[in-house]
Amino acid sequence: FNLIDSILQYGNLGGSQLALRLSYNSNVLSAGRTLGIENFGIAPGISYYHKSGFYADISGYWSKDFDPSYYLTIGSLGYMHTFSKNFSVMAGYDRYFYNVSDEDVYVPYKNTLSVTPILEFKPLLFSLNYSFYFGDTYANRIMPTISLVLEKRNLGIIDRLALSPSFFMLFGDERLTELEFVPPRTIAEARANKLQYGTIFRLVETTTTVFGVMNYSFGLPLTVTAKDWTFTFTYMYNIPKALPGEPLTISESSYLSGSLTYFINFKRKKFPL
């Protein structure tokens, strides 16, 4: 949401833009689901938006609950095209660089392709993000979002003050693997199972792909812009949902996040004829 809001604001500048960002969050999430990490994380980043619609971003992620603490870098490339004052589309590619060895942790996805159509009928903003995660395996994520953007401009030293209550739904698929212990039908089969599996029971592995709602989220971002500085403070509440047949033990959670961004604008220069 913050990326979309930033690019939509950039679109009014008429030039290119560089953004230096430092973000903070009080919890770490995966697919809208808390990982049980209660300590904060810090994410520095730098973004470049070109007046043609192309953008690039690189962000780093640090949390003392990981070893090493600096555990992830994400590089992003994308393009945003505005078809009208109400309709835009963003498309992008993300690459994840984990600062861990393959022996330490299994990372199934290292790449993401995404597309996000955006409808803006002030004060309402609708978006529908589709992301395809791939690497050793793959997954699909669909996230519709509706936001109410309430804003005021030119309030003293504040150029823009915006409160954006938002509702997110996350749909996705997961591959679930089940192991079934099948008893032997004969003594010979029991002996063969013992040699192969270490037990007289035969192990049958079944993998299925299930799709459904993974998470509901309610967000309340507050954005304050003054000259070239933007501060965003967000409260998020998550309600995770188990997919069909998925054992889900995590509960509802909330977290706070904030980001401070400094924008460097490259205005179009007009040369005399």
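Author: Two strands pair if DSSP finds at least two bridges between them; a strand is a DSSP run of E, at least two residues long, numbered from the N terminus. This is a predicted model in which local features need pLDDT of at least 70 and side-chain atom pairs count only at pLDDT 80 or more, while totals for chains, interfaces and linings use all residues. Residues are numbered from 1 along each chain as its sequence is written, and side-chain values use heavy atoms, leaving out hydrogens and water.

Reader: What makes E14 and strand E15 a pair?

Author: E14 and E15 (residues 229-240) are joined by 12 bridges and run antiparallel. At least two are required, so they pair. Val 224 has Phe 231 in E15 as its bridge partner. The hairpin of E14 and E15 has 2 residues between the strands, and Lys 227 there takes a positive phi near 55°.

Reader: How do you know that E14 (residues 202-226) also pairs with strand E12 (residues 158-163)?

Author: E12 and E14 share 4 bridges in the antiparallel sense, so the minimum is met. Leu 163 has Leu 222 in E14 as its partner.

Reader: How many bridges link E14 to strand E13 (residues 166-182)?

Author: E13 and E14 share 17, again antiparallel. Glu 174 stands opposite Val 210 in E14.

Reader: Why is Val 149 called part of a nonpolar core?

Author: Such a core is a set of buried (under 20% relative accessible area, 1.4 Å probe, protein chains only) Ala, Val, Leu, Ile, Met, Phe, Trp, Tyr and Cys residues joined through side-chain atoms within 4.5 Å. Val 149 therefore counts as buried and joined, being one of the 9 residues of the largest core, with Leu 125 and Phe 263 among the others. A second, separate core of 5 residues includes Leu 170, Leu 176, Val 210 and Met 214.

Key: Buried < 20%, exposed > 50% of the residue type's maximum accessible area, 1.4 Å probe, protein only.
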